[in-house]
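Here are my notes for your first look at this model. Please keep the structure open as you read the points in order.

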Amino acid sequence: MKFSVVKQRRLWWTISATLMIISIVAMLISWQQLGAPLRPSLDFVGGTRLQFERDCTQPDKCTQPINISDVREVVDAEKLNNSSIQVVGKNQQGISIRTKTLDVEQRTQLQTALSEKLGAFNPKATQIDTVGPTLGRQLFTQGLLALAVSFAGIVIYLSVRFQVDYAVIAIIALFHDVLITLGAFSILGLVSGIEVDSLFVVAILTITGFSVTDTVVIYDRIREILNLHPNDHIDKVVDDAINQTLTRSINTTFTVLLTLFSLFLFGGETLRNFALTLIIGFTMGAYSSIFIAGSLLAWWRERRSEYQLVENAEPIDTSASSQDS
């Protein structure tokens, strides 16, 4: 059974447009509330992050989850009113506090006050990270530069290997993948307090490579079919190319997602958001390669052919008819 992607292109475009609009709205709301389109971690804004977990080996210490109001009370007493607080960990027995840069004495004082209020902490689960604002800005700038360079490299590569319109449409599909991934994390930042760090930039760059690879496979098959059947309609060519590469695309994406879900479930707290970013981005990359890039190329080539036919049409000679009359 042949699957017609081009015939249903308005459906695919509507789905993508809806997701992109939701992503943009989420980032605008995040900008109003947080001052950034996504909730930034210490990697970008600088400061100190402290993460503690109750020592549940002691009896009757972990019967109830940590009350965030108790944590806020202690933090405010230490004159750290603008701190971000989250209850984390298994059974909500841990806390994560992001605040301004603290020295050793201030960190020790805060940890002591919290342990007196909440109970003893497990020293093996304690994490304290400090990042200066200068380093944060540098990481953010380098991340944007790396993303811009990757986009430029993709345009040059596809323009040389295929044609300019192939490259432009591939970038549109790639922008679609990145925007929806950013929108998903913007929503997660607003709803669940999930932050983006330097690993998030690495994940976005990985997504661009995966998405373009899948698109190039389809584009290569389109070019092969056009060389073999130059008189075929572009809609038929694109549908044939997608159907011939569909099994490969699905199998590749499914295999990668299995690994990423394993990483998400068992990779630990540090790699969980990294894996989630790749899961969202790779899924959208497979979707855009199959349903967006090819259908856009078919639409554009069809419009260009119609425009060339109009331009090349011979003008009607009205002189003879006027003389006869």
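1. **Salt bridges overall.** This predicted model holds twelve salt bridges. Side chains of opposite charge can pair when their charged atoms come close. The next points take some of these pairs in turn.

2. **E302 with R9.** Find the salt bridge between the side chains of E302 and R9, with N and O 3.7 Å apart. The two residues sit in distant parts of the chain. E302 belongs to helix α9 (residues 269–312), while R9 belongs to helix α1. They are 293 residues apart. Is each partner buried or partly exposed? E302 has 22% relative accessibility, so it counts as partly exposed. R9 has 17%, so it counts as buried. The cut-off for buried is under 20%.

3. **E73 with K117.** Here the closest N and O atoms of the salt bridge are 3.8 Å apart. E73 lies in helix α3 (residues 68–77) and K117 in helix α4 (residues 104–118). The pair therefore ties together parts 44 residues apart in sequence. E73 is partly exposed, at 47% relative accessible area. K117 is also partly exposed, at 39% relative accessibility.

4. **K236 with D240.** This salt bridge has its closest N and O atoms 2.9 Å apart. Both residues are in helix α8 (residues 234–266). Because they are four residues apart in that helix, about one helical turn separates them. K236 is partly exposed, with a relative accessible area of 39%. D240 has 15% relative accessibility, so it counts as buried.

5. **A network.** Some residues join up beyond a single pair. Which residues are linked in a network of salt bridges? They are R49, R98, D129 and E195. Pick out these four residues in the structure and look at them together.

6. **Length of helix α1.** Go back to the helix that holds R9. Helix α1 covers residues 9–34, which is 26 residues. How far should the helix span at 1.5 Å a residue? The expected span is 38 Å. The end C-alpha atoms are 37 Å apart, so the model agrees with the expected value.

7. **Buried residues and the end of α1.** Which residues of α1 are buried? They are R9, W12, S16, S23, A26, M27 and S30. R9 is thus on this list and also pairs with E302 in a salt bridge. After α1 comes G35. The phi of G35 is positive, near 80°.

Notes: Residues are numbered from 1 along each chain as its sequence is written. This is a predicted model: local features need pLDDT of at least 70, side-chain atom pairs count only at pLDDT 80 or more; totals for chains, interfaces and linings use all residues. Side-chain values use heavy atoms; hydrogens and water are left out. The expected span of a helix is 1.5 Å times one less than its number of residues. Buried means under 20% relative accessible area, exposed over 50%, partly exposed in between (1.4 Å probe, protein chains only).
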